[in-house]
Amino acid sequence: MAELKKTPLYEEHIAAGARMVEFGGWLMPLQYTGIIEEHRQVRNCTGLFDVSHMGEIVIKGPDAFKLVQKLITNDAARARGDRVIYSPMCYPDGGVVDDLLVYPQGEGEYLLVVNAGNIEKDVAWLRDNAAGLAVEVRDISPATAQLALQGPRALEILQPLAEAGLSSLGYYHWTRGRVLGVDCLISRTGYTGEDGFEIYFASAEAPALWRHLLAAGKEMGLVAAGLGARDTLRLEAALPLYGHELGPDISPLEAGLDRFVCLDKGEFNGRVALAAQKEAGVKRRLVGLAMVDRGIPRPGYPVLAGGREIGYITSGSYAPTLGKNIALALVAAGTIGAGAEVEVSIRERLQRAVVVNLPFYRRPRK
Amino acid sequence: MEFPANLYYSKDHEWVEVEGNRARIGITDYAQESLGDIVFVELPQVGDELAAGDSFGVVESVKSASDVYAPIGGKVIAVNEALLDSPQDINADPYGKGWMIELEMSDPAEVEDLMDAGAYQQLVKEEKGE
């Protein structure tokens, strides 16, 4: 196996006593003090995540729009001005290459933010698709650091440190501005179900910016948070994770991402297959489960209804905010609806669970 | 990290406290720290017969599930049911409130195959790569 990659903040994590784990080919902080404590801190206050492992790819040239529109299932025309969009990126058969964020960067240029474990695959896929188009595909991941500041106090913490108007920055919008003197692209996005920002800047600035942000936010309760909390937070918010809820063998329609699939936008990779799925009805559907009996549903565990296996768990965990064991499961469509009782096979024993509406957690609106 | 001198230790990171022919069993301080926040515990039934090396339960952290093995054999005479509702006791007090089961030992000589605190501490050092 190739050597694990490290973010520019690796030394900071080690110095902070973080427990490091492998994730998507990267050595990342799982936790600093504890997953549950960090999870609660993000929900109740704010946490700072190093997400520099994420990939950043620039698409530039006269055919940039054409390429992006061909690649993604969402409508690239929606990514305009300061508007960021989320989208799956599909193979012709409707399976998912990756899911990503699209940042329009003015005429003929886009920034795509992709999953860490998929960077090389995505770059190759983008270049294949760019053949014959007047467009350049450039991987700027190594030169780019990314931090996610997530939680109800994120705005209050970041605004005084940023030379940009953040309170007027809407959800899924981006701007440019300095944060503690460092040039950044700042977007009001995240992967936790909370308000917050994702900040992109030059890798070389990462250690100083990380330290200064944590120090500046300390009084307001800001803490470093690891991938463990990031995973439990995104699960409560029912946000899909590539390799679990999305993959080459799972379509975005099966994953319940219908609103990010624009079948009427014109031709794109996967349109024919996805239109056929939509027409015939998907065979499988992602549902939320809350355990009734004791036990934690883990990825791969079988899900049964009326004694018959109907699918499997894609992600499952103890949910710190809810105090319950929850899971996302991919099950045969039409077999069960909200309120239905199912069973999860946990270590060969059938444990009862109930189908619940998604997301499991929605942040209180101000 | 604590390694109480009055206990016996297994290579699977369980501890055993012997009193007469009764043995109380739990997981070590090092084990709980490695697992992280413990959120679920599965325990055997009173009356179950265990042989040394049998899995007698499961301890789950937020991220993973781990089997727990009986360091010695015997009949289960008590289980710590309080853990079912407060599994975090294992994190907070692994050698006290975090105990898991009590056995009536089938062969008290089996404890001689376990480690003392010094030997176990050495094992932990090696596992941590120190």
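**Close-up views of a predicted two-chain model**

**View 1. A loop of chain A holds two residues with positive phi.** A:Glu348 sits in the loop that links β20 and β21 of chain A. The model is predicted. The phi angle of A:Glu348 is positive, about 70°, although this residue is not a glycine. A:Glu348 has 5 C-beta neighbours inside 10 Å, so it counts as exposed. A:Arg347 is found in the loop between β20 (341-346) and β21 of chain A. A:Arg347 also has a positive phi, about 50°, and is not a glycine. It has 13 C-beta neighbours inside 10 Å and therefore counts as partly exposed.

**View 2. A cis peptide bond leads into A:Pro359.** The bond runs from A:Leu358 to A:Pro359. Its omega is near -5°. A:Pro359 lies in the segment after β21 (349-356) of chain A.

**View 3. A:Thr321 lies in a loop and touches residues from other parts of the sequence.** The loop connects β18 (308-319) with β19 (324-332) of chain A. Is A:Thr321 exposed, partly exposed or buried? A:Thr321 has 19 C-beta neighbours inside 10 Å, so it counts as partly exposed. The cut-off for a buried residue is 20 or more. Leaving out residues up to four places away in sequence, A:Thr321 touches A:Arg43, A:Glu236 and A:Tyr361. Now find A:His39. A:His39 and A:Thr321 are 282 residues apart along the chain. Their C-alpha atoms are separated by 7.9 Å.

**View 4. Domain 1 and domain 2 of chain A touch each other.** The domain assignment gives domain 1 as 5-52 + 142-236. It gives domain 2 as 283-356. The C-alpha centres of the two domains lie 31 Å apart. How many residues does each domain of chain A give to the contact? Domain 1 gives 7 residues, and domain 2 gives 7 residues. On the side of domain 1, two elements give two or more residues: α2 (35-44) and α7 (227-236) of chain A. α2(A) gives the most, with 4 residues. By class, this side of domain 1 has 2 nonpolar, 2 polar and 3 charged residues.

**View 5. Strand β4 of chain A pairs with β10(A) and with β15(A).** β4 covers residues 47-50 of chain A. A:Gly47 and A:Phe49 point one way from this strand. A:Leu48 and A:Asp50 point the other way. All four residues named here are buried. β4(A) and β10 (residues 144-150) of chain A run antiparallel, joined by 4 bridges. In β10(A), A:Ala148 stands opposite A:Phe49. β15 (residues 223-224) of chain A runs parallel to β4(A), and 2 bridges join them. What is the bridge partner of A:Gly47 in β15(A)? It is A:Val223.

**View 6. Chain A as a whole has 8 helices and 21 strands.** The radius of gyration of chain A is 20 Å. The globule rule gives 21 Å for 366 residues, so chain A is as compact as a globular protein of that length. The C-alpha atoms fill a box of roughly 60 × 50 × 45 Å along the principal axes. Of the 366 residues in chain A, 48% are buried. Take the contacts in chain A between residues at least 6 apart in sequence. Of these, 66% join residues at least 24 apart.

**View 7. Chain B holds an open sheet of 3 strands.** The strand order is β4-β6-β7 (chain B), and the pairing is antiparallel. Why do β4 (38-42) and β7 (65-69) of chain B have one side without a neighbour in the sheet? They stand at the edges, each with a single partner strand, so one side of each is left free of a neighbour there. Neighbouring strands of the sheet are turned by 25° against each other on average, direction ignored. β4(B) pairs with β6 (residues 55-61) of chain B over 4 bridges, in the antiparallel sense. The bridge partner of B:Val41 in β6(B) is B:Val59.

**View 8. Chain B meets chain A.** The contact takes 8 residues from chain B and 10 residues from chain A. The side of chain B that touches chain A has 4 nonpolar, 1 polar and 3 charged residues.

Terms used:
Residues numbered from 1 in each chain as written. Chains lettered and ligands numbered in written order. Predicted model: local features only at pLDDT ≥ 70, side-chain atom pairs only at ≥ 80, totals over all residues. Contact = placed C-beta atoms within 7 Å. Nonpolar A, V, L, I, M, F, W, Y, C, P; charged D, E, K, R; others polar. Pairing = 2+ DSSP bridges. Axes fitted to C-alpha atoms, helices over the stretch in contact; angles between N-to-C directions. Buried ≥ 20, exposed ≤ 12 C-beta atoms within 10 Å, placed from the backbone. Rg over C-alpha atoms; globule rule 2.2 N^0.38 Å. Domains from an automatic or database assignment.
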